[in-house]
Amino acid sequence: FPRGGEPTEANLTQLIKVGKAADATLGIAHDGDADRGMAVDDRGRFIPGDKLLVLFAGRMGAKKVITTVDASMSVEELGFEVIRTRVGDVFVSEELKKGGEFGGEPSGSWIFPQASYCPDGIYAAALLVQMASQDKLSHQVDALPSYPILRGEIPIENTRMESMEKRLMMLEPISVSAADGIRLSFEDGWLLVRASGTEPKIRITAEAKDAKSVETLYNRALELIQEGHK
(Lines give C-alpha, C1' and ligand atoms only; values in the text may rest on other atoms or scores of the structure.)
Protein backbone atom coordinates (compact mmCIF):
# COMPACT_ATOMS: atom_id res chain seq x y z
CA PHE A 1 0.00 0.00 0.00
CA PRO A 2 1.24 3.53 -0.78
CA ARG A 3 -0.63 4.52 2.40
CA GLY A 4 -1.43 2.97 5.75
CA GLY A 5 -3.47 -0.19 5.24
CA GLU A 6 -6.45 0.92 7.32
CA PRO A 7 -9.06 2.96 5.39
CA THR A 8 -9.09 5.78 7.95
CA GLU A 9 -9.41 9.48 7.26
CA ALA A 10 -5.76 10.04 8.19
CA ASN A 11 -4.66 7.47 5.59
CA LEU A 12 -6.88 8.72 2.78
CA THR A 13 -5.44 12.19 2.19
CA GLN A 14 -4.48 11.28 -1.39
CA LEU A 15 -7.96 9.96 -2.20
CA ILE A 16 -9.49 13.14 -0.80
CA LYS A 17 -7.05 15.32 -2.76
CA VAL A 18 -7.64 13.50 -6.06
CA GLY A 19 -11.40 13.41 -5.52
CA LYS A 20 -11.53 17.18 -5.10
CA ALA A 21 -9.24 17.79 -8.09
CA ALA A 22 -11.34 15.54 -10.32
CA ASP A 23 -14.66 16.87 -8.98
CA ALA A 24 -15.51 13.21 -8.33
CA THR A 25 -18.97 12.06 -7.32
CA LEU A 26 -17.55 9.41 -5.00
CA GLY A 27 -14.28 8.07 -3.65
CA ILE A 28 -13.98 4.50 -2.33
CA ALA A 29 -11.25 2.97 -0.17
CA HIS A 30 -10.69 -0.60 1.03
CA ASP A 31 -8.31 -2.34 3.37
CA GLY A 32 -5.90 -5.00 2.07
CA ASP A 33 -8.42 -7.80 1.55
CA ALA A 34 -11.34 -5.47 0.70
CA ASP A 35 -13.69 -6.86 3.32
CA ARG A 36 -13.96 -3.33 4.69
CA GLY A 37 -14.87 -0.21 2.78
CA MET A 38 -15.04 3.53 3.46
CA ALA A 39 -15.94 6.50 1.29
CA VAL A 40 -15.36 10.14 0.40
CA ASP A 41 -18.36 12.21 -0.75
CA ASP A 42 -18.76 14.58 -3.69
CA ARG A 43 -17.45 17.47 -1.61
CA GLY A 44 -14.23 15.61 -0.89
CA ARG A 45 -15.19 14.83 2.70
CA PHE A 46 -14.38 11.56 4.42
CA ILE A 47 -17.65 9.94 5.51
CA PRO A 48 -17.31 8.65 9.09
CA GLY A 49 -18.20 5.01 9.59
CA ASP A 50 -21.02 5.92 11.97
CA LYS A 51 -22.73 7.82 9.16
CA LEU A 52 -22.11 5.11 6.57
CA LEU A 53 -23.70 2.66 8.99
CA VAL A 54 -27.03 4.49 9.05
CA LEU A 55 -26.90 5.32 5.32
CA PHE A 56 -26.55 1.63 4.47
CA ALA A 57 -29.21 0.63 7.02
CA GLY A 58 -31.65 3.08 5.51
CA ARG A 59 -30.82 2.00 1.97
CA MET A 60 -31.43 -1.64 2.85
CA GLY A 61 -34.79 -0.77 4.38
CA ALA A 62 -33.62 -2.27 7.65
CA LYS A 63 -35.83 -2.31 10.69
CA LYS A 64 -33.40 -4.20 12.92
CA VAL A 65 -29.72 -3.22 12.84
CA ILE A 66 -26.86 -5.06 14.51
CA THR A 67 -23.86 -2.95 15.44
CA THR A 68 -21.16 -2.67 18.07
CA VAL A 69 -20.96 -0.91 21.42
CA ASP A 70 -18.72 1.82 19.96
CA ALA A 71 -21.16 2.99 17.26
CA SER A 72 -22.95 6.35 17.42
CA MET A 73 -26.18 6.82 19.37
CA SER A 74 -27.67 8.30 16.18
CA VAL A 75 -28.56 4.73 15.10
CA GLU A 76 -31.21 4.53 17.82
CA GLU A 77 -32.35 8.11 17.25
CA LEU A 78 -33.13 7.38 13.60
CA GLY A 79 -35.70 4.81 14.70
CA PHE A 80 -33.94 1.51 14.03
CA GLU A 81 -34.29 -1.39 16.43
CA VAL A 82 -30.68 -1.75 17.53
CA ILE A 83 -28.82 -4.71 19.01
CA ARG A 84 -25.26 -3.93 20.13
CA THR A 85 -22.49 -6.50 20.34
CA ARG A 86 -18.83 -6.60 21.31
CA VAL A 87 -16.45 -4.84 18.94
CA GLY A 88 -15.58 -7.12 16.02
CA ASP A 89 -17.44 -8.07 12.85
CA VAL A 90 -17.57 -11.75 13.90
CA PHE A 91 -19.85 -10.79 16.81
CA VAL A 92 -22.05 -8.70 14.53
CA SER A 93 -22.30 -11.59 12.09
CA GLU A 94 -23.25 -14.12 14.77
CA GLU A 95 -26.00 -11.83 16.08
CA LEU A 96 -27.30 -11.18 12.55
CA LYS A 97 -27.92 -14.90 12.14
CA LYS A 98 -30.62 -14.52 14.82
CA GLY A 99 -32.35 -11.79 12.80
CA GLY A 100 -31.84 -8.36 11.30
CA GLU A 101 -31.60 -6.80 7.85
CA PHE A 102 -28.20 -5.13 8.18
CA GLY A 103 -25.15 -5.10 10.40
CA GLY A 104 -21.84 -3.31 10.63
CA GLU A 105 -19.31 -1.42 12.70
CA PRO A 106 -17.78 2.07 12.31
CA SER A 107 -14.37 0.69 11.32
CA GLY A 108 -15.81 -0.14 7.89
CA SER A 109 -17.16 -3.70 8.17
CA TRP A 110 -20.57 -3.91 6.48
CA ILE A 111 -22.60 -7.11 6.48
CA PHE A 112 -25.55 -7.65 4.14
CA PRO A 113 -27.25 -10.88 5.29
CA GLN A 114 -29.25 -11.15 2.08
CA ALA A 115 -25.93 -11.86 0.33
CA SER A 116 -23.55 -13.11 3.01
CA TYR A 117 -22.78 -13.11 6.74
CA CYS A 118 -19.22 -11.99 5.99
CA PRO A 119 -18.13 -8.32 5.80
CA ASP A 120 -18.33 -7.35 2.13
CA GLY A 121 -16.51 -4.20 1.05
CA ILE A 122 -17.16 -4.92 -2.63
CA TYR A 123 -20.93 -5.16 -2.13
CA ALA A 124 -20.75 -1.95 -0.08
CA ALA A 125 -18.84 -0.20 -2.88
CA ALA A 126 -21.45 -1.22 -5.47
CA LEU A 127 -24.21 0.01 -3.18
CA LEU A 128 -22.41 3.34 -2.71
CA VAL A 129 -22.17 3.79 -6.47
CA GLN A 130 -25.91 3.19 -6.77
CA MET A 131 -26.67 5.60 -3.92
CA ALA A 132 -24.39 8.32 -5.33
CA SER A 133 -25.94 7.99 -8.79
CA GLN A 134 -29.39 8.86 -7.41
CA ASP A 135 -28.55 11.72 -5.04
CA LYS A 136 -25.38 13.48 -3.96
CA LEU A 137 -23.80 11.66 -1.03
CA SER A 138 -23.13 15.02 0.60
CA HIS A 139 -26.88 15.65 0.70
CA GLN A 140 -27.53 12.25 2.21
CA VAL A 141 -24.79 12.69 4.82
CA ASP A 142 -25.84 16.21 5.80
CA ALA A 143 -29.43 15.05 6.35
CA LEU A 144 -28.30 12.78 9.20
CA PRO A 145 -28.08 13.79 12.87
CA SER A 146 -24.50 14.62 13.73
CA TYR A 147 -22.91 14.36 17.16
CA PRO A 148 -19.21 14.81 17.90
CA ILE A 149 -17.30 11.62 18.67
CA LEU A 150 -13.80 11.37 20.09
CA ARG A 151 -11.80 8.16 19.73
CA GLY A 152 -8.34 7.60 21.14
CA GLU A 153 -6.07 5.24 23.04
CA ILE A 154 -3.45 5.25 25.76
CA PRO A 155 -0.66 2.68 26.36
CA ILE A 156 -1.35 0.78 29.57
CA GLU A 157 -0.22 -2.71 30.53
CA ASN A 158 -1.66 -5.15 33.09
CA THR A 159 -5.02 -3.42 33.23
CA ARG A 160 -7.69 -4.56 35.69
CA MET A 161 -11.04 -3.44 34.32
CA GLU A 162 -12.70 -3.91 37.72
CA SER A 163 -10.60 -1.23 39.38
CA MET A 164 -10.99 1.02 36.36
CA GLU A 165 -14.77 0.71 36.53
CA LYS A 166 -14.77 1.87 40.15
CA ARG A 167 -12.90 5.01 39.18
CA LEU A 168 -15.13 5.68 36.17
CA MET A 169 -18.22 5.50 38.38
CA MET A 170 -17.10 8.89 39.70
CA LEU A 171 -18.57 10.25 36.47
CA GLU A 172 -22.03 9.30 37.80
CA PRO A 173 -23.46 7.50 34.74
CA ILE A 174 -27.15 6.69 34.37
CA SER A 175 -26.33 3.10 33.45
CA VAL A 176 -23.32 0.84 32.85
CA SER A 177 -22.83 -2.08 30.45
CA ALA A 178 -19.99 -4.59 30.58
CA ALA A 179 -20.75 -6.28 27.24
CA ASP A 180 -17.32 -5.22 25.97
CA GLY A 181 -15.17 -3.18 28.31
CA ILE A 182 -17.11 -0.56 30.24
CA ARG A 183 -19.82 1.49 28.52
CA LEU A 184 -21.28 4.32 30.58
CA SER A 185 -24.47 6.09 29.48
CA PHE A 186 -25.35 9.68 30.36
CA GLU A 187 -28.28 11.96 29.59
CA ASP A 188 -26.49 13.62 26.67
CA GLY A 189 -24.00 10.97 25.57
CA TRP A 190 -21.91 7.91 26.42
CA LEU A 191 -18.39 6.72 27.11
CA LEU A 192 -16.71 3.41 26.22
CA VAL A 193 -13.46 2.25 27.81
CA ARG A 194 -12.09 -1.10 26.68
CA ALA A 195 -8.81 -2.95 26.53
CA SER A 196 -7.39 -3.61 23.08
CA GLY A 197 -7.46 -7.26 22.10
CA THR A 198 -4.18 -6.99 20.22
CA GLU A 199 -2.05 -4.36 21.97
CA PRO A 200 -1.29 -3.23 25.56
CA LYS A 201 -3.59 -0.23 25.18
CA ILE A 202 -6.85 1.13 26.49
CA ARG A 203 -9.20 2.45 23.84
CA ILE A 204 -11.52 5.33 24.72
CA THR A 205 -14.60 6.45 22.79
CA ALA A 206 -16.91 9.29 23.80
CA GLU A 207 -19.94 10.84 22.13
CA ALA A 208 -22.16 13.72 23.27
CA LYS A 209 -24.65 16.23 21.88
CA ASP A 210 -22.08 19.02 21.55
CA ALA A 211 -18.32 19.48 21.21
CA LYS A 212 -17.76 20.94 24.68
CA SER A 213 -19.58 18.08 26.40
CA VAL A 214 -17.73 15.35 24.51
CA GLU A 215 -14.34 16.95 25.20
CA THR A 216 -15.17 17.26 28.89
CA LEU A 217 -16.31 13.64 29.07
CA TYR A 218 -13.32 12.28 27.15
CA ASN A 219 -10.73 14.30 29.07
CA ARG A 220 -12.24 13.47 32.45
CA ALA A 221 -12.20 9.76 31.62
CA LEU A 222 -8.59 10.06 30.49
CA GLU A 223 -7.64 11.73 33.77
CA LEU A 224 -9.35 9.07 35.87
CA ILE A 225 -7.69 6.23 33.97
CA GLN A 226 -4.23 7.77 34.12
CA GLU A 227 -4.54 8.67 37.82
CA GLY A 228 -5.47 5.06 38.56
CA HIS A 229 -2.23 3.83 36.98
CA LYS A 230 0.27 6.19 38.55
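This report walks through a few spots in a predicted model, from a pair of hairpins to a buried charge.

**Two hairpins in a row**

Let's start with strand β2, residues 37-40. Strand β1 (residues 27-30) runs antiparallel to β2, and four bridges join the two. Strand β3 (residues 46-47) also runs antiparallel to β2, this time with two bridges. Take Ala39 as a landmark in β2: Ile28 is its bridge partner, and Ile47 in β3 stands opposite Ala39 too.

Each of these pairings is a hairpin. Six residues separate β1 from β2, while five separate β2 from β3.

Where do the side chains of β2 go? In a regular strand they alternate between the two faces of the sheet. In β2, Gly37 and Ala39 point one way, Met38 and Val40 point the other way, and all are buried.

**Helix α2 and the cores**

Now for the inside of the protein. In soluble globular proteins, nonpolar side chains tend to be buried together. Here the largest nonpolar core has 32 residues, and Leu52, Phe56, Phe102, Trp110 and Phe112 have the most contacts inside it. The elements giving two or more residues to this core are β2, β3, α2 (49-59), α5 (121-134) and α6 (137-142). Which of them gives the largest share? That would be α2, with six residues.

How enclosed is α2 itself? Nine of its eleven residues are buried, so the rest of the structure largely encloses this helix. Lys51 and Asp50 are among the buried ones, alongside residues including Leu52, Leu53 and Phe56.

Phe112 gives a feel for the packing. Not counting residues up to four places away in sequence, Phe112 touches Phe56, Met60, Phe102, Asp120, Tyr123, Ala124 and Leu127. Apart from this core lies another one, of 21 residues, including Ile154, Ala208, Leu222 and Leu224.

**Positive phi angles**

Most residues other than glycine have a negative phi. Here are some residues in this model where phi is positive:

| Residue | Where | Phi |
|---|---|---|
| Asp23 | loop between α1 (13-21) and β1 | near 50° |
| Ala34 | turn of the β1 and β2 hairpin | about 60° |
| Gly44 | turn of the β2 and β3 hairpin | about 75° |
| Gly61 | just after α2 | about 65° |
| Glu172 | loop between α7 (161-168) and β9 (175-177) | near 55° |

Are Asp23 and Glu172 buried or exposed? Asp23 is exposed, with a relative accessible area of 63%. Glu172 is exposed as well, at 68%.

**A buried glutamate**

Finally, have a look at Glu207 in strand β12 (residues 201-208). Glu207 is buried, yet has no salt bridge. A salt bridge would need a side-chain nitrogen of Lys or Arg within 4 Å of a carboxyl oxygen. The nearest side chain of opposite charge belongs to Arg183, and that one is 5.8 Å away.

So what does the side chain of Glu207 meet instead? One partner is the side chain of Ser72, joined to Glu207 by a polar contact of 2.6 Å. Another is the backbone nitrogen of Met73, which the Glu207 side chain reaches at 2.8 Å. Leaving aside neighbours within four places in sequence, the contacts of Glu207 also include Tyr147, Pro148, Ile149, Asp188 and Trp190.

Methods: Residues are numbered from 1 along each chain as its sequence is written. This is a predicted model: local features need pLDDT of at least 70, side-chain atom pairs count only at pLDDT 80 or more; totals for chains, interfaces and linings use all residues. Side-chain values use heavy atoms; hydrogens and water are left out. Buried means under 20% relative accessible area, exposed over 50%, partly exposed in between (1.4 Å probe, protein chains only). Lys and Arg count as positive and Asp and Glu as negative; His and the chain ends are not counted. A polar contact is a pair of N or O atoms within 3.5 Å; within protein, one must be able to donate a hydrogen and the other to accept it, and residues adjacent in sequence count only if both atoms are side-chain atoms. Contact means heavy atoms within 4.5 Å. Two strands pair if DSSP finds at least two bridges between them. A nonpolar core is a set of buried Ala, Val, Leu, Ile, Met, Phe, Trp, Tyr and Cys residues joined through side-chain atoms within 4.5 Å.
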